[in-house]
Amino acid sequence: MVYIAIILGCIIGAFIGNFAPMISYTYSEYLAIAIVAALDTIFGGIVASIKKNFNMGVFLSGFLGNAILSMLLTYLGSRLNVDIYLAAIFVFVGRIFFNLGVIRRYYLEKCTNFFKNKNDKKTEKNAEK
């Protein structure tokens, strides 16, 4: 169910993106950090669904909370003339790669077990003959 929502969201986002106005350079830092924070939450949600402990409330609060907090850090950094948003990007991208590694290992193990079971069944059929 989560995968269908993600795919549907990507399709709708791509469709809306074709008709959306261009974002000015002034707000590009805010948008970039919000997108990275949202991606972190999405990958975290996929990992949670793989581990069978996905909670929609936690997902939505993380999605909005991470995006808002990261944009506030970006705003504070621009007011102080310090690139604080780089720290947020560093943390979020590190978590994205970690979650992507968990997802990759899960599906790699799933594929390996599938082909192993398929070969075992083939071997059993040959042994019966």
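**Exercise 1. The surroundings of S49**

Task: Determine which residues S49 touches, leaving out residues up to four places away in sequence, and state whether S49 is buried or exposed.

Solution. Step 1: Once residues up to four places away in sequence are set aside, S49 touches Y3 and F54. These statements, like those that follow, refer to a predicted model.
Step 2: S49 belongs to helix α2.
Step 3: A residue is called buried when its relative accessible area is under 20%. The relative accessibility of S49 is 18%, so S49 counts as buried.

**Exercise 2. The surroundings of A48**

Task: Locate A48, classify it as buried or exposed, and identify what it touches beyond residues up to four places away in sequence.

Solution. Step 1: A48, too, is placed in helix α2.
Step 2: With 16% relative accessibility, A48 falls under the 20% limit and therefore counts as buried.
Step 3: Apart from residues up to four places away in sequence, A48 touches N53 and F54. F54 is thus touched by A48 and by S49.
Step 4: A48 can also be related to I103: the two are 55 residues apart in sequence, and their C-alpha atoms are 9.9 Å apart in space.

**Exercise 3. The length of helix α2**

Task: Examine whether the end-to-end distance of helix α2 agrees or disagrees with the span expected from its number of residues.

Solution. Step 1: Helix α2 covers residues 25-50, which is 26 residues.
Step 2: At 1.5 Å a residue, the helix should span 38 Å. The expected span uses one less than the number of residues.
Step 3: The end C-alpha atoms of α2 are 38 Å apart, which agrees with the expected span.

**Exercise 4. Residues with positive phi**

Task: For K52 and N81, give the value of phi, and then find where each residue lies and whether it is buried or exposed.

Solution. Step 1: Most residues other than glycine have a negative phi.
Step 2: K52 is not a glycine, yet its phi is positive, at about 65°. K52 comes just after α2, in the loop between α2 and α3 (56-80).
Step 3: For N81, also a residue other than glycine, phi is positive and near 60°. N81 lies in the loop between α3 and α4 (85-128).
Step 4: Exposed means over 50% relative accessible area. K52 has 71% relative accessibility and so counts as exposed; N81 has 73% and so counts as exposed.

**Exercise 5. A residue between two helices**

Task: Describe the position of A20, its accessibility and its distance from A32.

Solution. Step 1: A20 lies in the loop between α1 (2-19) and α2.
Step 2: Its relative accessible area is 41%, so A20 is partly exposed.
Step 3: A20 and A32 are twelve residues apart in sequence, while their C-alpha atoms are 16 Å apart in space.

**Exercise 6. The chain as a whole**

Task: State how many helices and strands the protein chain has, and decide whether the chain is more spread out or less spread out than a compact globule.

Solution. Step 1: The protein chain has four helices and zero strands, in the order α-α-α-α along the sequence.
Step 2: The radius of gyration is 21 Å, whereas the globule rule gives 14 Å for 129 residues; the chain is therefore more spread out than a compact globule.
Step 3: The C-alpha trace spans about 75 × 30 × 25 Å along its principal axes.
Step 4: Of the 129 residues, 22% are buried.
Step 5: Among contacts with a separation of 6 or more, 78% join residues 24 or more positions apart.
Step 6: The accessible surface is about 10000 Å², and 71% of this surface belongs to carbon and sulfur atoms.

Methods: Residues numbered from 1 in each chain as written. Predicted model: local features only at pLDDT ≥ 70, side-chain atom pairs only at ≥ 80, totals over all residues. Heavy atoms only, no water. Rg over C-alpha atoms; globule rule 2.2 N^0.38 Å. Buried < 20%, exposed > 50% of the residue type's maximum accessible area, 1.4 Å probe, protein only. Contact = heavy atoms within 4.5 Å. Areas by Shrake-Rupley, 256 points an atom, 1.4 Å probe, with all protein chains shown as cover.
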